[in-house]
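Here is a short walk through a structure you may not have met before. Have a look at it first, and then we can go through some of its parts together.

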Amino acid sequence: MPTTEEMRAHLARIPNLTVCTGAPLARHTRFGIGGPAELYAETDSGTAFVAAVNAARGSGMATLVIGGGTNLIVSDNGFRGIVLRYRASSLAADGDRVTADAGAVLQDLVDFTIARGLRGLETLAGIPGSVGAAVYGNAGAYGHSISERVVCVRFFDGQKVRAFDNAQCEFHYRESIFKSHKEWIVFSTELVLDSADRATLRRAADDILKVRNEKFPVTMKCAGSIFKNFLLRELPAEVGAQVPPESVREGKVPAAWFLEQVGAKGMERGEIRVADYHANLVYNAGAGTAADLCALIQELKTRVKQRFGIEIEEEVQYVGF
Ligand SMILES: Cc1cc2nc3c(=O)[nH]c(=O)nc-3n(C[C@H](O)[C@H](O)[C@H](O)COP(=O)(O)OP(=O)(O)OC[C@H]3O[C@@H](n4cnc5c(N)ncnc54)[C@H](O)[C@@H]3O)c2cc1C
């Protein structure tokens with residue numbers, strides 16, 4: 001295996017790739033938590049990105065692809081290996097079809113479609129992060145997910161760039177095939193939308209943004225909801241029966257309901273807190289650490305397991321543990 005400096009020099013020879021050593025990952029995560037990346041490299045060039053991935057994987061060093069870092073918990077020790085970010089961000093429309101690069105900001109894509117009077121992504125307004133990660137995790141809100149509009153995803157499988165249609169992406173609630181093939185990297189996606197009145201779409205998105213900004217202030221160091229919600233039909237019948245019907249929305253039971261029953265609201269450990277108004281919202285109140293964050297998450301999981309016998313599963317992705 002090459003030394004860090006040898007690998008840095010190797011990556012630095014790839015045109016259009018920016019490389020550095022020891023970049024604090026806290027600066028690349030919305031939690032504001034995380035130690036250094038041994039190497040960090042980013043580019044908006046597909047060619048440079050493929051060259052960097054090949055060099056990284058050929059070296060035997062661990063690799064990790066990140067987007068906006070809004071759904072990551074990075075270890076206080078950082079990441080031993082190469083962190084890569086693909087920043088290509090072009091958006092293009094052809095009638096009701098829109099193509100978006102993985103590095104585009106999801107909100108920019110939402111605004112782009114609304115400005116063209118295209119309906120279908122407006123409920124995703126305010127979900128932070130990149131288009132690539134939204135596909136990877138099938139991001140969604142208000143009863144809709146990006147997968148409903150995806151026609152095709154182009155991705156790099158480590159050998160070549162391939163394209164999958166919607167069915168091949170195996171989308172489910174906050175899931176896609178890309179989650180079980182972490183070596184695959186989403187490059188772009190094509191979506192199909194419907195024509196609609198632009199002003200109506202804008203109003204719908206702005207209403208959602210207003211609600212979201214109250215729940216998740218833009219400066220809050222968090223990952224949105226820490227845990228996935230449950231599909232009612234997948235819960236053990238005796239557990240589902242305990243959930244008041246008014247708490248079930250679109251067939252889903254919010255993880256927050258279980259967390260609330262076990263007294264999560266307002267819990268804290270060091271500078272990591274559970275919001276006192278939302279049991280599934282854990283945030284860094286200042287100089288919190290990953291160690292405290294993980295310990296608090298574990299405590300929440302244990303309490304729910306002991307009381308209801310079910311596992312609550314993190315929506316966030318762990319890095320460097
Ligand atoms: C305030 C707040 C509110 C949120 N609300 C919602 C919500 O309502 N609904 C929702 O679904 N999510 C929500 N989230 C979670 C988060 O916004 C989404 O998961 C988002 O898609 C993550 O995007 P990102 O670019 O920041 O990804 P990152 O956090 O950087 O990465 C997340 C995962 O995606 C992988 N990844 C990133 N780019 C690629 C790529 N090109 N190819 C393959 N894998 C890739 C990474 O390896 C990692 O495993 C919220 C987060 C916050 C902070």
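## Around Asn 280

Let's start with the company Asn 280 keeps. Setting aside neighbours within four places in sequence, this residue is in contact with Gly 224, Ser 225, Ile 226, Phe 227, Asn 229, Ala 255, Ala 256 and Leu 259. Keep in mind that what you are looking at is a predicted model.

Where does Asn 280 sit? You'll find it in the loop between β19 (272-274) and β20 (281-284). And is Asn 280 buried or exposed? Its relative accessible area is 2%, and the cut-off for buried is under 20%, so Asn 280 counts as buried.

## The sheet next door

The two strands on either side of that loop, β19 and β20, belong to an open sheet of 4 strands. Read across, the order is β15-β20-β19-β18, and the pairing is antiparallel. At the edges are β15 (221-225) and β18 (268-269), each of which pairs on one side only.

β15 and β20 are joined in the antiparallel sense over 3 bridges. To pick out one residue pair, Cys 222 has Tyr 283 in β20 as its bridge partner. A helix comes into the picture too: α9 (residues 290-308) packs on this sheet and touches β18, β19 and β20. The direction of α9 makes about 30° with that of β19.

## A mixed sheet

Now for another open sheet of 4 strands, this one in the order β1-β2-β5-β3 with mixed pairing. Its edge strands are β1 (18-24) and β3 (63-66), and each pairs on one side only. On average, neighbouring strands here are turned by 30° against each other, direction ignored.

β1 and β2 (residues 36-43) pair in the antiparallel sense over 6 bridges. Thr 21, for instance, has Leu 39 in β2 as its bridge partner. Helix α2 (residues 46-59) lies across β2, β3 and β5 (79-86), and it runs at about 165° to β5.

## Two helices side by side

How do α3 and α6 lie relative to each other? Helix α3 (residues 106-115) packs with helix α6 (residues 198-215) at an angle of about 150°, and their axes are 8 Å apart. Angles over 145 degrees count as roughly antiparallel, so that is the label for α3 and α6.

On the α3 side, the residues involved are Gln 107, Asp 111, Ile 114 and Ala 115; they meet Arg 198, Leu 201, Arg 202, Ala 205 and Leu 209 of α6. Sorted by class, this contact has 5 nonpolar, 1 polar and 3 charged residues.

Technical notes:
Residues numbered from 1 in each chain as written. Predicted model: local features only at pLDDT ≥ 70, side-chain atom pairs only at ≥ 80, totals over all residues. Heavy atoms only, no water. Buried < 20%, exposed > 50% of the residue type's maximum accessible area, 1.4 Å probe, protein only. Contact = heavy atoms within 4.5 Å. Pairing = 2+ DSSP bridges. Axes fitted to C-alpha atoms, helices over the stretch in contact; angles between N-to-C directions. Parallel < 35°, antiparallel > 145°, perpendicular 65-115°, else oblique. Nonpolar A, V, L, I, M, F, W, Y, C, P; charged D, E, K, R; others polar.
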